[in-house]
Amino acid sequence: MQSKKVLFISQAAMIAAIYVVLTVAFAPISYGTMQVRISEALTVLPLFTPAAVPGLFVGCMIANMIGGSILPDIIFGSLTTMAAAAISYKLRKHQYLVPLPPIILNTLVVPFILYYGYQVNLPIPLIMLGVGFGEVISCGILGTVLIKVLSRYAGRIFSLNRKMH
């Protein structure tokens, strides 16, 4: 039982760290009105482990803090990521639906953070289009590629995961 807890915490911590590193490494395209956060491809990881839910939440929160985001973005952006990850985890039996919650939730929430928090002077539907486009690239396309690659090795990478449900 103890090893399952250690595995869960270790997986969550690694996912958080990778999310932060990818966000910061690609900072020029990770922040702002028109963004393609490469790290958002990791939002498909709830397909493989429930540890991805807190891992993505913490990773997003830290990346937003490092990136100089405003408090509403740190809070609501991170909570949106966590909610999307939790829904993706619930959809894990339908592999190709897993990227949809982060695409949909970020497209609906982030534009309001940008408009009201950062005072982006564009119509909200236009901001939604931009955010949605970036999410489709990162979660939809890159996330689906990540699913394909990790599916080959999931038994080795997430071996004890199945017993944690």
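Ring pairs link Phe112, Tyr115 and Tyr116 into a cluster, as seen in this predicted model. The structure holds two aromatic pairs. In one of them, the ring centres of Phe112 and Tyr116 lie 6.3 Å apart and the ring planes meet at 10 degrees, so this pair is classed as stacked, given that planes under 30 degrees apart fall into that class. Phe112 and Tyr116 are four residues apart in helix α5, and are therefore separated by about one helical turn. In the pair formed by Tyr115 and Tyr116, the centres are 4.9 Å apart and the planes stand at 85 degrees, so the arrangement is edge-to-face, the class used for planes over 60 degrees apart.

The members of this cluster can also be described by their accessibility. Tyr116 has a relative accessible area of 55% and is therefore exposed, because the threshold for that class is over 50%. Phe112, at 37%, is partly exposed, and Tyr115, with a relative accessible area of 30%, is likewise assigned to the partly exposed class.

Helix α5, which spans residues 100-117, also contains Asn106. The relative accessibility of Asn106 is 5%, and this residue therefore counts as buried, since the class covers values under 20%. The side chain of Asn106 is joined to that of Glu135 by a polar contact of 3.3 Å. When neighbours within four places in sequence are set aside, the residues in contact with Asn106 are Glu40, Thr80, Pro101, Pro111, Val131 and Glu135, so that Glu135 appears both in this list of contacts and as the partner in the polar contact.

A further arrangement that involves an aromatic ring is found at Tyr89, where the charged end of Arg92 sits over the ring, at 3.9 Å from the ring centre.

The packing of two helices was examined as well. Two packed helices are described by the angle between their axes and the distance between the axes. For helix α1 (residues 2-25) and helix α3 (residues 52-66), the angle is about 35 degrees and the axes are 7 Å apart, and the crossing of α1 and α3 is right-handed. On the α1 side, the residues that meet α3 are Phe8, Ala12, Ile15, Ala16, Tyr19, Val20, Thr23 and Val24. Their counterparts in α3 include Ala52, Pro54, Gly55, Leu56 and Val58, and the list continues with Gly59, Cys60, Ile62, Ala63 and Ile66.

Terms used
Residues are numbered from 1 along each chain as its sequence is written. This is a predicted model: local features need pLDDT of at least 70, side-chain atom pairs count only at pLDDT 80 or more; totals for chains, interfaces and linings use all residues. Side-chain values use heavy atoms; hydrogens and water are left out. Helices (H or I, at least four residues) and strands (E, at least two) are DSSP runs, numbered from the N terminus. Buried means under 20% relative accessible area, exposed over 50%, partly exposed in between (1.4 Å probe, protein chains only). A polar contact is a pair of N or O atoms within 3.5 Å; within protein, one must be able to donate a hydrogen and the other to accept it, and residues adjacent in sequence count only if both atoms are side-chain atoms. Contact means heavy atoms within 4.5 Å. Rings of Phe, Tyr and Trp (its six-membered ring) pair if their centres lie within 6.5 Å; planes under 30 degrees apart count as stacked, over 60 as edge-to-face and the rest as tilted. A charge sits over a ring if NZ of Lys or CZ of Arg is within 6 Å of the ring centre and within 35 degrees of the ring normal. Axes are lines fitted to C-alpha atoms, for helices over the stretch in contact, and angles run from 0 to 180 degrees between N-to-C directions. A crossing is left-handed if the near helix is turned anticlockwise from the far one by less than a right angle, and right-handed if clockwise.
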